[in-house]
Amino acid sequence: MTSIDNHSAAGSVRVLTAFRWLPEFARGLARDVRVRWALEEAGLTYQVNLIGAEEQASAGYRALQPFGQVPVYRDGELTLFESGAIAHHIALQSAALMPHDPAARARTLTWMFAALNSVEPAVLALVEIDLFAGDAAWAKERRPAVLAKVERRFAELSAQLADREYLLDRFTVADILMASVLRFVRHTELVAAQPVLHAYLERCNARPAASKAVADHVAVFAN
Ligand SMILES: N[C@@H](CCC(=O)N[C@@H](CS)C(=O)NCC(=O)O)C(=O)O
């Protein structure tokens with residue numbers, strides 16, 4: 001285990017587990033980035049536990065993350081997996097990420113699920129074809145339908161964002177998840193093709209917490 005203290009916060013009880021190494025295409029995109037971003041927006045200090053393939057496969061790690069994936073997040077006695085659940089947990093501690101009003105909270109949760117359940121699967125289907133399928137015949141056949149679904153989702157999202165800066169009437173943790181999902185197709189012009197969506201992603205990316213999260217994530221690979 002390699003421990004990096006991101007804020008020189010000796011004794012911090014928050015620990016985020018991320019990969020020690022990632023291939024180039026995944027750098028800046030792995031799901032620890034969205035958690036880092038939430039923590040930065042919330043102004044919460046944290047440490048990073050870097051793991052490799054051996055730890056990822058270990059029984060000890062599987063006890064924390066049943067699928068052997070990152071991120072895992074420890075907040076004192078509580079250990080969580082699933083980036084959406086972790087982001088939600090962090091957001092509940094920060095007015096910067098989650099409104100106080102119960103109805104606004106429910107709407108924020110709705111958009112968190114929308115990012116992870118209605119948009120991310122469509123986007124990931126395309127990423128899997130473009131980045132992992134190579135020249136496979138099935139991928140060539142399947143891609144047009146997968147692409148059409150992403151385009152449809154992006155047009156629908158653009159409509160939602162047409163008259164607002166963020167998904168709701170202010171920045172919330174749902175924007176962190178949605179923007180993180182939109183970043184997955186950085187190898188395409190799909191976001192750029194939707195001016196409203198493009199402006200939204202730029203707006204989200206321009207937040208200092210967003211750049212800090214990515215910078216800290218990629219700094220790991222410089223070592
Ligand atoms: N739904 C999970 C997905 C986690 C996930 O796919 N993590 C990737 C890195 S971004 C991973 O650990 N991949 C390695 C693997 O699946 O073995 C979440 O949001 O936390």
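## The largest pocket

The largest pocket here has a volume of about 750 Å³. Keep in mind that you're looking at a predicted model. What fills that space? The ligand does: the room it takes up is the largest pocket.

The pocket's lining is made of 28 residues, and those lying nearest its centre are Leu29, Ala30, Arg31, Leu124 and Phe184. Sort the lining by class and you get 16 nonpolar residues, six polar ones and six charged ones. Which helices chip in? Helix H4 (83-91) and helix H5 (102-132) each give the lining at least two residues. H5 has the largest share, with seven residues.

## Who sits around the ligand

Now let's zoom in on the ligand itself. Around it you'll find Phe19, Ala30, Arg31, Gln56, Gln69, Val70, Pro71, Glu82 and Ser83. Ala30 and Arg31 may ring a bell, as they are among the residues nearest the centre of the largest pocket. By class, this shell comes out as four nonpolar, three polar and two charged residues.

## Polar contacts with the ligand

Some of these neighbours make polar contacts with the ligand. Start with Ser83: an N or O atom in its side chain is 2.6 Å from an oxygen atom of the ligand. Gln56 also uses its side chain, where an N or O atom is 3.0 Å from a ligand oxygen.

Which part of Val70 takes part, backbone or side chain? For Val70 it's the backbone: one of its N or O atoms there lies 2.8 Å from a nitrogen atom of the ligand. And how much of the ligand does the protein bury? Taken alone, the ligand exposes 500 Å², and the protein buries 72% of that.

## A cavity as well

Besides the pocket, there's a cavity to look at. The count comes to one cavity of 30 Å³ or more, and the largest cavity holds about 30 Å³ of space. Its lining consists of Gly28, Leu29, Ala30, Val33, Arg34, Ser180, Arg183 and Phe184. Helix H1 (32-42) and helix H7 (173-183) are the elements that give two or more residues to this lining.

By class, the cavity lining has four nonpolar, two polar and two charged residues. Some names turn up twice: Leu29, Ala30 and Phe184 line the largest cavity, and they are also among the residues nearest the centre of the largest pocket. Ala30 appears once more, as one of the residues around the ligand.

How values were computed
Residues numbered from 1 in each chain as written. Predicted model: local features only at pLDDT ≥ 70, side-chain atom pairs only at ≥ 80, totals over all residues. Heavy atoms only, no water. Near = heavy atom within 4 Å. Polar contact = N/O pair within 3.5 Å; in protein donor to acceptor, adjacent residues only side chain to side chain. Areas by Shrake-Rupley, 256 points an atom, 1.4 Å probe, with all protein chains shown as cover. 1 Å grid on protein atoms, 1.4 Å probe; cavity = no way out; pocket = protein on both sides within 12 Å on 5 of 7 lines; lining within 4 Å. Sits in = over half its atoms within 2 Å of the grid points. Nonpolar A, V, L, I, M, F, W, Y, C, P; charged D, E, K, R; others polar. Points joined across faces, edges and corners; volume = space filled by probe spheres on them. Helix = DSSP H or I, 4+ residues; strand = E, 2+ residues; numbered from the N terminus.
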